[in-house]
Amino acid sequence: MMAYDALIIGGGVAGFSCAQILGSAQAKPFVTDKKIAIIAHQKASMLQDAVFYNAYGVASGKLGSELLEESKTSLAEHYPQIEQIEHEKVVSVVSQGNRFVIQTNKNTYESTIVVIAVNSSHSFQIEGLMEYVMPHGKSLPQKNRIQLKNEDQRVATNLYVAGTLAGHRSQLSIAAGSGAAVATDILTLWNNGIETHSHDSIR
């Protein structure tokens with residue numbers, strides 16, 4: 001069974017944003033020994049049919065489908081220490097002591113920290129997380145969206161949620177910021193509670 005320090009579930013904007021920030025911090029002494037992965041395949045991403053003219057930092061007219069593929073390539077190129085797990089769907093996330101056991105349709109994993117970054121569809125079905133499901137607080141009722149109960153994106157000890165599933169509105173910039181915020185919370189946790197973040201620099 002593969003074991004991780006942090007496992008991100010969901011290959012959309014929030015998930016990859018979280019992975020990129022954690023990857024960029026790898027040189028920090030409290031991160032160098034951490035094993036991190038992202039399960040990048042889920043049933044669907046809201047990006048697949050999108051085109052962007054209003055997303056800061058994204059080239060005008062960029063297709064969401066292109067952005068998804070570029071995110072995978074960029075993560076592999078710049079932060080190859082982040083393992084990308086594809087073509088697996090998570091079916092359960094169960095807390096066992098101070099670890100989580102994550103079951104997919106193909107494999108079983110363990111992780112100390114789990115980040116849930118899948119979309120907010122009412123079809124959400126991950127065993128072990130259903131007790132946290134509630135109606136989405138910022139979505140129209142007729143859209144039948146859900147979110148996970150959380151306080152500042154923390155669902156429970158070492159369990160985080162990002163993106164629309166955290167209760168945010170559906171907007172690329174918001175999702176990216178949500179994933180980044182979770183990543184900096186994880187970095188701060190690893191840094192013994194001392195606030196930290198990560199920036200790549202030309203200096």
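**Strand pairing around E8 and the surroundings of helix H1**

In the predicted model, tyrosine 4 has serine 111 of strand E8 as its bridge partner. This bridge belongs to the pairing of strand E1, residues 2-9, with strand E8, residues 108-116, which runs in the parallel sense and extends over 7 bridges. Strand E8 also pairs with strand E7, residues 99-104, in this case in the antiparallel sense and over 4 bridges, with isoleucine 102 having tyrosine 109 of E8 as its bridge partner. The connection from E7 to E8 is a hairpin of 3 residues. A further pairing, parallel and over 3 bridges, is formed between E8 and strand E12, residues 159-161, where valine 114 is matched with leucine 159 of E12.

The two tyrosines named in these pairings recur in the analysis of aromatic rings, for which the structure holds 1 aromatic pair. The ring centres of tyrosine 4 and tyrosine 109 are 6.1 Å apart and the ring planes stand at 50°, so the pair is classed as tilted, an angle between 30 and 60 degrees being neither stacked nor edge-to-face. Because tyrosine 4 is located in strand E1 and tyrosine 109 in strand E8, the pair ties together parts that are separated by 105 residues in sequence. Tyrosine 4 counts as buried, since its relative accessibility is 1%, and tyrosine 109, at 5% relative accessibility, likewise counts as buried; the cut-off applied in this assignment is under 20% relative accessible area.

The hairpin loop was examined through asparagine 105, which is found between E7 and E8. When neighbours within four places in sequence are left aside, asparagine 105 is in contact with His87, Glu88, Lys89 and Val91. With lysine 89 the interaction involves the backbone, the side chain of asparagine 105 reaching the backbone nitrogen of that residue at 2.8 Å. By comparison, asparagine 105 and valine 182, which are 77 residues apart in sequence, have a C-alpha to C-alpha distance of 26 Å.

Helix H1 comprises 12 residues, from 13 to 24, and spans 16 Å from its first C-alpha to its last, close to the 16 Å expected at 1.5 Å a residue. Of these 12 residues 11 are buried, so the helix is largely enclosed by the rest of the structure. The buried positions are Val13, Ala14, Gly15, Phe16, Ser17, Cys18, Ala19, Ile21, Leu22, Gly23 and Ser24. The cover over these residues includes strand E1, strand E2 (36-39), helix H2 (64-78), strand E5 (83-85), strand E8 and helix H3 (172-190).

Lysine 72 is located in helix H2, and among the residues that it touches, not counting those up to four places away in sequence, are Phe16, Gln84 and Glu86. The side chain of lysine 72 makes a polar contact with that of glutamate 86, at 3.1 Å. With a relative accessible area of 18%, lysine 72 is assigned as buried, because the criterion for that class is a value under 20%. A second lysine is placed against an aromatic ring: lysine 34 lies over the face of tryptophan 190, at 5.3 Å from the ring centre.

Definitions and conventions. Residues are numbered from 1 along each chain as its sequence is written. This is a predicted model: local features need pLDDT of at least 70, side-chain atom pairs count only at pLDDT 80 or more; totals for chains, interfaces and linings use all residues. Side-chain values use heavy atoms; hydrogens and water are left out. Two strands pair if DSSP finds at least two bridges between them. Helices (H or I, at least four residues) and strands (E, at least two) are DSSP runs, numbered from the N terminus. The expected span of a helix is 1.5 Å times one less than its number of residues. Buried means under 20% relative accessible area, exposed over 50%, partly exposed in between (1.4 Å probe, protein chains only). Contact means heavy atoms within 4.5 Å. A polar contact is a pair of N or O atoms within 3.5 Å; within protein, one must be able to donate a hydrogen and the other to accept it, and residues adjacent in sequence count only if both atoms are side-chain atoms. Rings of Phe, Tyr and Trp (its six-membered ring) pair if their centres lie within 6.5 Å; planes under 30 degrees apart count as stacked, over 60 as edge-to-face and the rest as tilted. A charge sits over a ring if NZ of Lys or CZ of Arg is within 6 Å of the ring centre and within 35 degrees of the ring normal.
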